[in-house]
Structures are given as structure tokens and as C-alpha cells.
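These notebook entries record what I looked up about strands, their pairing and the helices packed on them.

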Amino acid sequence: MPSEESRNLFQSVLCSECFLLFCTCRLWQENVSLKDLQSKGVCLLKLQIGSQSTGLYGRSLLLLEPRKHMGVSVLPSNNFGPGDIVGLYDLDGCKPSSQLCTGVVTRISQSAVTVACEDSPDGLNLDTDALYNLMKLANDVTYKRMKKALNTLNGYSSGPASDLISVLFGYSEPGSISQPNDLSFLNSGLDESQRQAVSFALSQREVAVIHGPPGTGKTTTVVEIILQVVKRGQKVLCCAGSNVAVDNLVERLAKAKAKVLRLGHPARLLESIQKHSLDAVLAHSDNTNIIADIRKDIDKAFMGMKKMNDKRDRIHLKREVGELRKELRTREATAIAEVLKRADVVLATNTGANDGGPLKNLPVDHFDWVVIDECAQALESSCWIALLRGRKCILAGDYKQLPPTIKSHTAASKGLSVSLMERLILKYGDSVVRMLTVQYRMNSNIMTWASEQMYQGQLVAHSSVEKHLLKDLPGVASVEETSTPLLLIDTAGCGLSEMEVTDDQSKGNQGEVDIVELHIKALTEAGVKPKDIAVIAPYNLQVDLLRQRLSARHPDLEIKSVDGFQGREKEAVVLTLVRSNRKGEIGFLAEDRRINVAVTRARRHLALVCDTQTVQTHGFLKTLIDHMTQHGDVRTAFEYLQDIVPQNYTRDHRDTKSNNTKATASSSTSNKQKGRGQAGSKVEPGHKRTSGSNKTQGGEPQTGSGMPLTQIKYLEIKNQVEWFLQDPDQTELRFPSTLNSHDRLLVHQVAEELGLNHESQGEGKDRSITVSRPPTGSNESVTGPPVGQPAAVLEEESVTGPPVGQPAADLKTLHLERMRREQKKREQKIEQEKHLDTIRTAGQTQTAKKTKTKKTKAGACEIAAAATADADFDTLIDAVVKAERVCSFVKCKTLVIHLGQLCLFCNRQYCLGHHIPEVHGCGDQARANARMRISKEGVLYAGSGHKDKSVDPNKKAYLHRKLDSKLKDMEKQRKTKPKESDNN
Ligand SMILES: Nc1ncnc2c1ncn2[C@@H]1O[C@H](COP(=O)(O)OP(=O)(O)OP(=O)(O)O)[C@@H](O)[C@H]1O
Ligand SMILES: [Zn+2]
Ligand SMILES: [Zn+2]
């Protein structure tokens with residue numbers, strides 16, 4: 001007998017439900033905007049009627065679609081599901097007064113929702129051109145059924161369920177009954193843990209809990225238990241929270257030739273299951289013909305009613321329909337009891353097993369067992385509807401996945417966030433539960449994390465799935481993306497921040513959408529079918545952004561919230577965590593079970609797109625990041641996107657080089673290069689990397705420092721060169737051929753900066769660069785400048801030589817500065833007028849001339865220091881010239897002739913390290929611009945707020961090639977020019 005305490009517990013359930021209902025009422029009263037309701041997923045606005053048909057026992061089926069001419073053909077992300085009770089409204093709003101009819105959702109896809117109208121819409125003349133709103137209604141039927149069950153429970157004095165109730169409330173210990181040892185299993189393929197669970201369940205007197213982690217064959221086990229029970233001539237009532245889960249059980253049991261009967265609104269059943277539905281079975285019973293005739297009459301009456309204009313005729317016909325229905329009902333009722341008794345297994349949803357339905361025709365002690373699947377996802381009160389009909393129960397599920405949503409804090413604080421299943425495990429421990437431990441879904445690399453974090457490390461991957469990868473699927477090519485079970489794409493430090501919205505429930509991240517798109521492209525280009533891929537986002541807004549981007553191209557690609565995938569699996573899962581902010585806020589990602597569900601949907605491949613810096617603030621998510629870092633491939637968003645804004649950039653190269661790189665001249669670059677693929681390069685979408693694995697060397701993502709890879713690369717190379725310079729024994733530094741073209745460019749750039757010789761050899765794959773000291777000592781060896789080289793660099797080279805043993809010191813630069821000024825002064829005296837033009841054109845003649853004059857000026861720095869009145873003018877000209885070829889950032893000497901970027905805000909050229917507006921001081925303008933764009937276009941662009949116009953992959957590839965060939969040309973000229981001058 002439930003005590004006062006447990007009664008209170010159930011009062012709270014009621015309260016929680018009241019609260020839910022109350023909530024919905026309040027939404028109406030307070031006139032929460034319909035748009036808000038839509039973004040919360042409970043309302044679909046401006047739908048048009050795609051088709052309207054009479055089907056399913058006289059009910060009218062409406063197919064509702066998004067407005068076509070809007071160009072968008074996908075529904076916004078929503079929480080509608082089959083079986084939901086909904087109201088159809090005209091565009092006045094979702095007020096009770098404008099309700100046209102209520103109905104049940106029978107099907108929902110990304111592009112349409114089908115509703116079976118509950119009240120036959122006889123007076124309903126739906127206009128096919130008009131638009132309608134659809135709103136989820138608080139399901140008070142469910143509420144009433146739960147309330148009734150709890151009242152029954154409260155008043156339960158004696159009956160078949162007495163012992164069960166007593167155990168479930170802790171008044172008596174669960175017991176067992178002895179079973180024959182040699183249980184013969186009907187399914188010979190069961191694994192050891194499944195067999196143990198089956199015999200355990202059969203030997204329990206009142207209750208057995210089957211804990212089935214993801215992919216462990218929980219349904220397989222439950223089916224075996226039911227079949228064993230049936231074999232003993234016992235009757236089973238089998239329930240689950242969702243129609244899908246019930247249908248799955250019906251399908252499996254029917255396949256095993258069990259006599260099943262499915263209760264429920266026929267509109268809510270899968271088509272393949274409908275033949276097992278009560279309606280269908282009744283239709284084939286002895287009353288078939290009469291029932292069919294009555295139905296035909298009803299249908300005919302409906303058709304007639306539509307054409308009828310006279311109101312009185314209509315009313316008459318309506319009454320006739322009512323009579324026919326009544327007759328149908330009485331005839332059916334007599335048949336129902338008969339049909340129910342013939343079945344071995346009766347299946348329904350938890351609330352479908354209520355007393356008010358067909359089951360009222362059965363005696364209370366008809367069933368021996370009540371089986372509840374997905375028990376951990378159900379409210380305890382909904383379980384009690386069925387439990388009151390059984391002597392024994394089997395509860396199957398996984399309480400480490402998402403529980404039912406309890407919106408009332410009061411209810412949650414009184415323990416209602418704990419499901420019946422969890423409550424029993426907490427109370428009785430191992431004595432009532434068996435866990436399934438072999439999983440048949442995930443590659444072991446995906447599984448291990450979940451196993452360790454959620455299931456005490458007890459899961460084992462079955463050999464059939466342990467190593468399976470996407471590339472093992474027929475038609476899938478072996479590329480990097482299809483050869484790795486775990487791929488982490490880290491956006492840390494890339495500035496791909498989440499969109500700033502006030503609602504915590506709806507967050508979006510356009511940058512992550514971009515990356516997901518590129519990864520989906522890579523997967524599908526490798527031959528993975530879109531229907532085998534799930535894109536999972538925790539937030540409805542992100543789901544919408546993803547659908548806008550991807551659904552048109554891949555209609556079969558399922559894009560849903562985590563909750564929408566519970567109980568499902570896909571070959572590949574792409575998970576975007578969305579949150580990226582400086583505060584490290586992660587909101588409701590903090591629900592461990594939500595992450596567990598998301599990760600464990602994946603069979604062969606899990607790609608995680610997230611800002612590790614933000615999400616790692618949460619310990620549980622950190623374990624996932626750590627796991628993926630250690631056992632998977634790690635890439636950074638820089639490998640996917642161009643023009644992203646590094647957040648934690650380094651302002652000064654020199655400050656960081658010592659702690660960021662340890663360039664032991666020969667190894668570092670080649671290793672790391674291999675390690676990162678084409679780090680920092682502009683990767684075209686779907687670009688296949690040629691370098692080896694992407695595993696990072698130290699087990700840590702290389703962008704952990706938050707520095708853009710380009711910059712890290714730059715520092716690495718620079719450091720290596722400087723080490724080389726400090727070793728007087730070494731004459732040249734050879735960079736390996738594994739460098740990609742981008743990194744080769746960096747080498748040239750560094751060499752130029754330090755005034756060294758740099759030369760490329762070989763073609764294609766064998767291309768490598770050698771950096772060496774320029775000829776030292778005398779200036780006689782200088783042979784004249786290579787064509788196209790900026791004069792300043794040549795001066796550095798030939799006049800001073802590289803500062804041996806000294807890293808690109810300011811002293812050197814100062815010196816050079818002075819030298820240059822001095823030289824200009826002299827030149828100016830000779831041809832003052834032509835001066836500007838000649839410098840601007842920077843032609844061969846001028847540079848040659850300069851080089852010539854240099855010889856005589858080599859020791860003239862003292863004179864230069866004592867600058868005359870001309871000096872200011874000189875400096876001015878100098879600055880102008882310099883500005884054209886050197887980064888505009890204060891003190892930065894990097895050449896920008898070949899590798900520079902124009903800032904659109906200040907219109908100056910900057911090197912790769914300084915082109916970002918935030919770095920060189922245009923940050924405020926960039927942000928203002930970005931804000932303006934967001935408010936104007938409603939879209940957040942990655943980067944500094946400029947719309948990325950370079951998305952065309954062909955164009956990117958073309959530019960890339962062009963850059964490469966330009967480089968080659970330059971090198972060729974450099975090699976051949978001296979010879980030419982020799983000949984001359
Ligand atoms: N003993 C077994 N041998 C081989 N395959 C099995 C076995 N048990 C289950 N499977 C396979 O594992 C998959 C999941 O099984 P099943 O559908 O029974 O689990 P479920 O309970 O529905 O899923 P989950 O365990 O994720 O809740 C199915 O593909 C099934 O064929
Ligand atoms: Zn600028
Ligand atoms: Zn710079």
C-alpha cells in the first residue's frame with residue numbers, strides 16, 4: 001500500500017503536469033509571439049495544404065507544407081512527433097477562437113507534416129491557397145490517464161499487482177523463483193550477457209531491470225524474454241513510451257510468429273504495423289463485412305456532405321453519420337474482447353494501455369507480465385498505467401540517456417527527475433538489474449569513451465563492429481575522412497563565436513555550420529550516402545541554420561536535435577556543439593546524458609565540431625575532447641576556412657617564439673608538417689589531403705595555444721632559420737620536400753626578412769628549399785639583384801650581411817634604415833625630380849644602380865646619423881615606398897608584395913600576421929561593420945564581417961595554382977638571371 005509519502009510524491013507528479021498545462025495556457029494569455037513559440041519548436045507558422053485526403057477510418061488526412069514560393073521548403077526545427085495532438089489555426093493566431101480543428105500528427109518529415117484530423121472536418125472548408133498555423137496542444141488526455149492511474153494506485157487495496165506495488169515502493173524485497181537450468185533459447189545468437197539477462201528476468205518473482213547501454217541489443221533481449229514467457233502460455237502486456245519503440249517491438253515479435261496485437265490510434269502506427277492494429281484485426285474478424293459496409297457508408301456520407309449546400313441537408317447527413325458510428329462502435333466492442341483474448345502479446349504506448357480504451361474489455365488479471373521498454377525515458381506516473389495490470393514486470397532501458405523533461409523545479413527537487421528504473425537500481429542494486437555489455441553498433445574507439453564515462457568501462461565492442469569504418473561500406477572510397485572513427489575539428493582561437501541571442505535555448509554558430517558543410521561534402525564525395533549521416537546539434541537554432549544550408553542539396557541527410565535522435569543510429573554522426581564564447585559558458589550542454597546520447601548514435605564515424613577552449617570548461621566534455629585527441633584525428637578550423645579571425649593571436653613574433661617552437665633545425669618542420677596535413681593552407685572544400693595521418697605529435701591539439709597555424713608555422717620556420725644562423729659550421733639549411741607550397745612561401749618570406757639566400761630545387765613532390773648565408777665579407781661578390789626583388793632587401797643582403805648569431809635584431813633594422821636614408825639622400829641630389837617615379841616603378845635599372853652605389857657607401861652610417869634638412873623629406877618618401885611593399889604594422893618589416901592582405905577599413909597592406917583588423921587597430925570598425933551586417937542580413941559571417949566572396953572552390957584552387965606558378969617563375973628568374981648577367 002502506498003504510504004503518505006509516496007502519495008505526496010504523486011501529488012508532485014500531478015503538480016508537475018499541472019505546471020506544464022498551466023505553462024501552455026499562460027503562453028496564450030500572455031500573448032507570447034507566435035514566432036517565439038515557433039522557435040521553441042511548439043508551433044509551425046504559415047503552412048499551406050499540400051494535399052487533403054480521406055483515409056484511416058474516415059479521418060481526414062492533411063498534408064501541411066511550408067509556403068512554397070518562399071523558396072524554403074523545409075520546416076523549421078520543431079518538437080512535433082507522430083502521435084502529438086495538435087491544433088490547426090487560421091492566420092489570426094493560435095487563439096482558441098481561431099482553432100479550425102484538432103488532430104494527431106501521423107507523420108513528420110523535414111519538408112511536411114501530416115495530421116489526421118480528430119474531429120472530422122465536415123464543416124471545414126480548407127482553402128488550398130490559404131496559410132495556416134499548427135500548434136502543439138498540451139496533451140491533457142495523457143495527463144488525465146496518468147492521473148487516473150495514480151488515483152487507482154492510491155486506492156489499490158488488493159489485486160493482481162499488490163506484490164509488485166509493494167516491491168516497487170520498497171515495502172518488501174524482490175524475490176526470485178527457481179527456473180530450469182537448461183533454458184533453451186529461441187534466438188541462438190544471443191551473447192552471454194543477453195542470455196544471462198533473459199534467464200534472470202524469467203527467474204524474478206516481481207521485477208527485473210534490463211539495463212541496455214546503446215547498441216547492446218536491448219530490444220533483442222526483451223523480445224527473447226517475451227517469446228519465452230509466451231512459450232509458457234502466459235500473457236504479456238508490452239509498452240514503451242513512444243509509438244516508434246512499440247512498433248519496433250511489434251515488428252520483431254510478429255517476425256518471430258508471436259500473436260501480437262497493437263493498440264492505438266491507427267494514424268499513429270507505421271504502415272507495416274497497421275495490419276497488427278486492433279482496427280485492422282477487427283476488420284478481418286467475423287464482423288468484417290458489416291463493419292466494412294458501415295465504414296463505406298460513413299465515407300459516402302462525408303463525400304456527400306462536402307457537395308451539399310443546404311444547411312438542413314447537411315445536418316441531417318451529419319446525424320446519419322453519428323448513428324452509423326454508434327453502430328460501428330457497438331459491433332466493434334463485441335469483437336474487441338474476442339480479439340484481445342486471442343493475442344499473446346498486447347502492445348501499446350504507456351498511456352495507450354489505459355483503462356478507458358480497448359483494455360476495459362479484459363478482466364484485470366488477464367496479463368501475467370508487464371514489459372516496459374524505454375523505461376528510463378518515461379515518467380514514472382505513465383508507467384503505472386500499465387503496471388497496475390501486471391503481476392510481474394520487466395523494465396528495460398538506459399538511465400544514462402536522456403530522461404523525460406521535468407519542467408517543474410519543485411517536482412524535480414522532490415525526486416521526479418529520477419525515473420522508476422533508476423530509482424529501483426538505486427534501491428536494490430544488482431539484485432534487480434542485469435546489464436547488457438556487448439554492443440553491436442559503435443567502432444570501439446567511439447564506444448570506449450562512453451563506456452568509461454557512463455558504464456563503468458564494462459562495454460565490449462562485438463568483433464563485427466569493433467573496427468568498422470566508413471570506408472568499409474560498399475561504394476565508399478578510402479580517404480582520411482572515411483578512415484578515422486574519431487575526428488575532432490577544433491575551432492578554438494578561430495573566432496567562430498556563437499551568435500549572440502538572448503534565448504539560452506536557441507543558439508547558433510555560423511562558423512560551425514560552414515565546417516559541418518565542408519565535412520559533409522568530404523564524406524559524400526567519398527561515397528558516404530547522406531541517409532547514413534546524422535547531423536546533430538543541441539540547439540534548435542543551429543538545427544535550422546544547418547537545414548537552411550544543407551537540406552536542399554541533401555534531402556536525405558537527417559539534421560536534428562540530440563533528443564530527436566534518441567533510440568536511433570547512423571553510420572556517421574557529425575556533432576556541432578555550437579557554444580563558443582570567452583566566458584566558457586556551455587548552458588544545457590552540461591547535461592552529460594545529452595552528450596552521451598549524441599555520441600553513441602554513431603556506428604563508424606564521429607566528427608565533433610567545437611571550440612575546445614569553451615567546452616572544456618565542463619569536466620565531462622573535457623573527457624570527450626581528451627579522448628578524441630588521444631584516439632582520433634584532430635584538425636583545426638583553420639584547415640577548413642579562409643579568412644577566419646584568430647582570437648588569441650600573438651602580437652609580437654619575438655615574444656613567443658622561444659616557448660612555442662623548439663626548432664632543432666632538421667626535424668621540426670618535417671614532422672609537424674606531416675602531423676598537421678596542410679596546416680594553415682587554404683583547403684578547398686572536399687580537398688583530399690595527401691600527407692599522412694593528422695594525429696598530433698604530443699597528443700595535444702596544436703592550436704591549444706589559440707594561435708593560428710599560419711603564424712605558428714611562420715614562427716617555427718623563422719626559429720629554425722635563426723638556429724641555423726647561430727651555428728657557424730653550417731653553410732646551408734635544407735627544408736624537406738614535404739613542405740607544401742604555402743609553407744615554402746613562408747620559408748622564402750623568412751629568408752627574405754633575414755636577408756638570406758633561398759633557392760628552390762626540384763619539381764612537384766620533390767620540390768625543396770635551401771636557405772644559405774649570402775656571400776660574406778666583400779661586396780665584390782654581389783652580382784646584382786634578382787629581377788623583381790624589392791630593393792630594400794637587397795640592400796640588407798649586400799651591405800651588411802645577415803647578423804650572425806643574432807635573431808633579426810632591431811639594431812640591424814635601425815642600421816639599415818639609416819643606410820637607406822643616406823643612400824636616398826645621395827641619389828636625390830643627383831636626380832631629385834625623377835626620384836619618386838623611379839622608386840615607385842622599382843625597376844631593374846634603379847635597383848642595379850642602387851647596388852652599384854652601395855659599394856661606396858658601405859661605411860657611411862655616421863654621416864647618415866647626422867641627418868640634414870633633407871632627411872625629413874627623405875624619410876617621407878621612404879615611408880611611402882616602404883608602405884607599398886612592407887607590412888603597414890608598426891615595426892613589422894615583413895614583405896607584402898607577394899603575401900599581403902589589404903585591410904578594407906584602413907586601406908593598407910599588411911602581412912599575414914597583421915592583416916586582421918583587430919591586430920592592427922581596425923578592430924572597432926570591423927566589429928561595428930559585422931554588427932551592422934548581422935542586423936541587416938540576419939546572418940553572422942565568419943571573419944571580420946566581410947562577406948566571404950571567395951567560397952567558390954574552383955576559384956580558390958585557381959588562385960592557389962596561380963600563386964604557386966608565380967613563385968616558381970620568381971625562383972627561375974632568380975636562378976637564371978645571374979647567368980645572364982655573366983654572359984653579358
Ligand atoms: N546477440 C547478437 N548478435 C548479433 N547482433 C546483435 C545481437 N544482439 C543485438 N544485435 C544487433 O545489435 C543491434 C541493436 O539491437 P537491438 O535492436 O536489439 O537493440 P535496441 O535495444 O533496439 O537498441 P539499443 O540497444 O541501442 O537500445 C541490431 O542491429 C541487432 O541486430
Ligand atoms: Zn586596418
Ligand atoms: Zn606585419
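**Strand S10 and its partners**

I checked the side chains of S10 (strands are DSSP E runs of at least two residues, helices H or I runs of at least four, both numbered from the N terminus): Val345, Leu347 and Thr349 point one way, Val346 and Ala348 the other way, and all are buried. Buried means under 20% relative accessible area, exposed over 50% and partly exposed in between, with a 1.4 Å probe and protein chains only. The model is predicted, so local features need pLDDT of at least 70 and side-chain atom pairs pLDDT 80 or more, while totals for chains, interfaces and linings use all residues. Residues are numbered from 1 along each chain as written, chains are lettered from A and ligands numbered from 1 in written order, and side-chain values use heavy atoms, without hydrogens and water.

I then looked up pairing, which requires at least two DSSP bridges between strands. S8 (residues 236-240) runs parallel to S10 with five bridges, and Cys238 stands opposite Leu347. S9 (residues 260-262) pairs with S10 over three bridges, also in the parallel sense; here Leu261 faces Val346.

**The six-stranded sheet**

I noted an open sheet with parallel pairing, in the order S18-S17-S19-S20-S16-S21. Its edge strands are S18 (558-561) and S21 (633-636), each paired on one side only. S16 (residues 486-490) is joined to S21 by four bridges, with Asp490 opposite Thr636. Helix H20 (residues 619-631) packs on the sheet and touches S16, S20 and S21 (contact: heavy atoms within 4.5 Å). Its direction makes about 115° with that of S16; axes are lines fitted to C-alpha atoms, for helices over the stretch in contact, and angles run from 0 to 180 degrees between N-to-C directions.
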